[in-house]
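Dear colleague,

I am handing over the structure we spoke of, and below it I set out what was found. Please read the notes with the coordinates open beside them.

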Amino acid sequence: MGGPRPSHHGGASNPIRGQDVPVHPHPGRRLGQATTLDGAEVSESCTPYLRANPAQRYARLYENYLDTRWEPGAIQEFKARVVDSLDVGYNISVHVGHGFRNVMSCGDLNLTNADAAGLTNGNRLTNLYAANCTSNAIDYPCLGESFLHASAGGAVTSIGSTRVDFPAVGRYYQAEYFRLVFQDSVTAVGEAQGRQKLPFVAFSDYENAYRWTDMTLILLGDPELRLWTGRPRTLTVTHPSSVVLSATSLTVNVKIGGVPLYGARVTAYKPDDEYRTATTDGAGNAVLDFRPDGTGSFYLTVTAYDCRPYQAVVPVTAASQAVLVEQPYTLDDDNSGGTHGNNNQVPEAGETVDLRIPIRNAGGATATGVTATLTTIDPMVTVVASTNTYGSVPAGGVSNGTSWFRFATPYTLADQREIPFALGLKDLEGQTFAETLRITLRAPELSSFSHSVTEVTGNGNGRPEPGETVDESVTLKNLGTGAATGVTAILRCTNGLATVTDSMAVYGPLASGNEVVGDPFRFSVGGAAARFELRVSTADGLLSTQPLDLGYPATPAGLAAQGASGSIALSWSPAPESDLVGYNIYRGPAGGALVKVNVVPTARTSYFRDIGLAALTQYDYAVSAVDSSGNESARTATIRASTNPPSHAVFPIAMGGNTPGSVAVAHLYAQPGGMEIVAGADVLYCWHSDGTSPVDADGSSVTSGDFTTLGSYYAAGPTIADLDGGGPEIMATTWDSQSVYVFDLQGNLKPGWPFAAGYPMWSAVAAGDLGNDGHREVVFGSNGPYVFALKPDGTQWIDGDANPATNGVFKNIGSTYNYGTPALADLDGNGQLDIIYAGSNGILYAWRPDGTNLPGFPVTIGGTINASVAIGYLDGAADTQLEIVVPSAVKDSLYVFKRDGGRRAGFPVYLPSAGSSKQPSPALADIDRNGTLDIVAAGTDGKLYVFDRNGVLNPNFTNVRYSALTSQASESSPVVADIDGDGAPDIVIGDENGVLSAFAPTGLMLRGFPIQLGGEVRGTPALCDCDGDGLTEIVEADWDTRLYVWDYDFPFSPAGPPPWPQFHHDAMRTGLASTSTLIAVPDEGPTAARLFAPRPNPAYRRARVDYGVGAGEAGQALEIAVFDLGGRKLRVLASERAAPGRATAVWDLRDAAGLKVPAGVYFVHLTLGHRTETQRFVVLR
């Protein structure tokens, strides 16, 4: 798959089958955009290696297939042709083009994870080479894994990048891979993939595309798997049809077409017994020293370049003569009878060990007068007693011998040294037998990484300093696998700048893995540059020396934490000390005591990933630096972090720029239960809940979710509403383009749009039916003095400034930088929506749709207001009077106004609101569940405030911090929904440190929070059940350019609609607490019974099953049931008389007895009268 790439990207695809190869390219560029590197050009650089083999067949699918630079014969690339080629089953398939974690561009369309998983090439598995971005991003559900996991075909290996691919450099790696495979005959996939990087190592000495490619280009699959580069040849293998147990060698001859084959690999393997391998010589022969210990059978395998493997099962038959084999040995180190050791029956350095090696006669005759000799080639090992007599050993019998072998080792040998021994056996008939065994030696490794100091005289800071006398207790740790006995240590000063008065410490025995604190050394410090030597000995002698000094490393700086699901990553600035050994990591429960996590100091890398942590749990951390003397710096200040909710699907997904905009979530497309996520950054983006994109505006799979290429910098984020009755539209203001855009769901610009405002805009669009005609108008502020109101066709609602020279102006308020979003509500109760707006001039406006002021308005508050107002019935269900909530920056106050412009009693209240470019906007929700609305507000002082309708601060929020910042803490606004399924509303808010926090009504942080992001949280998050599984998702478009979605696996808002789940309450941005939070695709209801695919699929915890019943089917018997592959009914999810419309059944992945069903394939059946529908899905555990 190959094609032109803009700037530095390209595309092509090349399948190779045995001797066949196809190639497919894609342009991934906007119309008219210049191409500097064509993917087909990358592919063509590999074809000379294919043409060198006349038998090699290859196909090339290029989007730019008519280019005269290419070898003739390329055909046009379409996705259908690519899938067809892959289903044929080519040996190698190469894609050069744009891609993302779950897609690769294939001409007209993208090939997706689902396409890869659905390939039907059977056992004609391909080897995929993907020169595109993130195809092997194994930390996500990536395309490479989908190829490998395809149940009816797919790929057996995948080579691709875990992150961005640089084809201008990657093309050379790809060409080297093909050269190695097809010219140098390096056919092991792993070897070729590793060696393809070698020519470029010299260019990777700094951060560049070569180093990047070295690190990100990886192989998924078996590295030993061999590729065919031509038509597979058939081996003729000659070998014994059976092997007698007494045989001492095995000869195998290999030929092709009667000609001996040099270099064939011959392997004989008898499980749990014997393994030998060799290559054939010029005569085609391989001789293996193959000596099995018992009868049975073994596998004989022969492989060779471009040959079909040969494998045979060869019997091992009983021998008529004696066959002697060794049995498991025993050791004696009991320190008696000439042995020297600790009596643990384990060979350790410094011991003299007796070794008993029983022998068994596996043959059919008695072996008489058996003697044995034990030898070793290890020069550090002395065999003290090398001979033994076994006497006569009958067939099937075992003899221990009349004595023991004995060997001795010096105590200075390193831990885990493997000692080879050869046992030579001989009987009186002259038969000889050679057996081998290896014994692993254990040894202690004693090191000091820490000590404690008690000042006899000094300043009490715990560190030895000039003029002080101290007791220093040194801790020794045994990092070896062997035990140490009689451990002592001596401390001496090597430069005369200290006087050691107690130089001996006793430790005693020190088992493997243990540490012991010795009795203290005492010394007086004469100078800060004093140097010491620590001499550690065991009962056998001096084991090690370690230099020590009195210089302590500096405390590490910049400790930060990044949570993930089940782990927390810590990072800090590297310590500058030249003798730095590493770092100590301290962890504790939130608010609890810290305990050292690491056994020994970590490596010198200033990063530590703490794994295996409890889910959704907070921990405290601190870090210290340790030098080669065991001197430990002071710990850093304690920081707190949490294991976070797992990321949802393929998120986070990168956008093309930073964003301060708020996301919108809504049901847009006809997907049961699924919601779409819309965000604004450099352009507008839209994703389904599974991370796929409904629109690919730029035609490139390198970008994900791009909904349009029109407009620039959608700083306020999107609004979703049905303006003209034809279904939802997506609309947004822009900063750079200074225009408002309205799109249909296919990404087409609606007639009459864009509207040129002439000013940048950070105000989002509010959509509502101002004329009561069934159509919605759009209202928004601007950085100029105008508030605009437009009809669905983009024409002005009224000429609000009585100026024909301006267009769309609803009001000229005289002040600029009006960032707030208008609220739309029937404030005066006359059945028409009114427009409520707080200007940057500190004035609160309320206008009727005709532009006249409501009685009592405008109200001058003073100061600066750039937040958005909130509207609601604060007094609860019986309240008929809407009220307006608005913060003021300069006066640091929160106001509530009645519909007549008067202040509500109890307000204003103190709310720090100054300092941020855009003030957080309030949310309204019944936090204390008393039936009335509370006001949730984020102060710019980093505190979260919750006031009741009377202005009384909720006592649970008297000092709740969502941010460590005490000023300019946030531009984001709080959202409210029950995200943990306990029936109570929770609050989520982000800050300028990139921290996203969530709080229960008690004021306590929810489990799994805070979440540390890579940039400032400036837009407002959204809370939803985006994928329809009944559980919570949290969505945030971050300043770090990523769109995040997390699975917070608790029921979402089970008690009813969420009170304030996204910015300005809902996706229409009405700012009214009683507006519906849902926007749905128009649905006239099913006309006949229908069963939708269960979701999610695969299911992990639960599955939702949506179904529909037509009006004419009402009253019939309906059953929704789950069956396994054997046809057994496991669970009935619904059994009732059918009612017309849509409905949902939820399965908790348990059978009728309440037991969890195992992972596997299941079927959901809908039975309605005589009608049956079935859907297949998968359960994973």
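**Domains 3 and 4**

Seven residues of domain 3 are in contact with eight residues of domain 4, and I begin with this interface before turning to individual residues. Please bear in mind throughout that this is a predicted model. The area buried between domain 3 and domain 4 comes to about 590 Å², with carbon and sulfur atoms giving 43% of that area. On the side of domain 3, E348, Y411 and D415 together supply 70% of the area that this domain buries against domain 4, which is more than any other three residues supply. Sorted by class, the residues of domain 3 that touch domain 4 are one nonpolar, four polar and two charged. Between the two domains there are five residue pairs in polar contact, with both residues at pLDDT 80 or more, whereas the rule finds zero salt bridges across the interface. The centres of domain 3 and domain 4, taken over C-alpha atoms, are 42 Å apart.

For orientation, the division of the protein as a whole is into domain 1 (39-221), domain 2 (233-317), domain 3 (324-441), domain 4 (446-549), domain 5 (557-635) and domain 6 (1090-1179).

**Salt bridges**

Side chains of opposite charge can pair when their charged atoms come close. Over the whole structure, the search finds 38 salt bridges, of which I describe a few.

R179 takes part in two of the pairs described here. Its side chain meets that of E176 in a salt bridge with an N to O distance of 2.8 Å, and it also meets the side chain of D184, at 2.7 Å from N to O. E176 and R179 are separated by about one helical turn, because they stand three residues apart in helix α6 (residues 167-182). The two acidic partners can be told apart by their accessibility: E176 counts as buried because its relative accessibility is 13%, while D184, at 34%, counts as partly exposed.

A further salt bridge joins R1018 and E971, whose closest N and O atoms are 3.9 Å apart. This pair links distant parts of the chain, 47 residues apart, with R1018 in the loop between β77 (1011-1012) and β78 (1022-1024) and E971 in the loop between β73 (960-961) and β74 (975-977). Both R1018 and E971 are buried. Elsewhere, E41, D67, R69 and R171 are linked in a network of salt bridges.

**A buried lysine and helix α8**

K79 lies in helix α3 (residues 79-88) and counts as buried, because its relative accessibility is 16%. A polar atom of the K79 side chain lies 3.2 Å from the backbone oxygen of N110. If its neighbours within four places in sequence are left aside, K79 is in contact with C106, D108, L109, N110, L111 and D115.

In helix α8 (residues 209-216), the residues T213, D214 and T216 are buried, and what covers the buried residues of α8 includes β12 (155-161), α6 and β13 (217-220). The N-terminal end of α8 is capped by N208, a side-chain oxygen of which lies 3.1 Å from the backbone nitrogen of Y210.

**Backbone geometry to check**

Most residues other than glycine have a negative phi, and most peptide bonds are trans. The following places depart from that pattern, and you may wish to look at them on the model.

The peptide bond from F857 to P858 is cis, with omega near 5°, and P858 is placed in the loop between β64 (843-847) and β65 (859-860). A cis peptide bond also joins F1009 and P1010, where omega is about 5°; P1010 is placed in the loop between β76 (995-999) and β77.

As for phi, S185 has a positive value of about 60° although it is not a glycine. S185 is found in the loop between α6 and α7 (189-195), and it counts as partly exposed, because its relative accessibility is 34%. Y817 likewise has a positive phi, near 60°, in a residue other than glycine, and Y817 is found in the loop between β61 (809-812) and β62 (823-825).

With best regards

How values were computed:
Residues are numbered from 1 along each chain as its sequence is written. Side-chain values use heavy atoms; hydrogens and water are left out. Domain bounds come from an automatic or database domain assignment. Contact means heavy atoms within 4.5 Å. Buried area is the accessible area (1.4 Å probe) that two parts lose on being put together, summed over both. A salt bridge is a side-chain nitrogen of Lys or Arg within 4 Å of a carboxyl oxygen of Asp or Glu. A polar contact is a pair of N or O atoms within 3.5 Å; within protein, one must be able to donate a hydrogen and the other to accept it, and residues adjacent in sequence count only if both atoms are side-chain atoms. Ala, Val, Leu, Ile, Met, Phe, Trp, Tyr, Cys and Pro count as nonpolar, Asp, Glu, Lys and Arg as charged, and the others, Gly among them, as polar. Helices (H or I, at least four residues) and strands (E, at least two) are DSSP runs, numbered from the N terminus. Buried means under 20% relative accessible area, exposed over 50%, partly exposed in between (1.4 Å probe, protein chains only).
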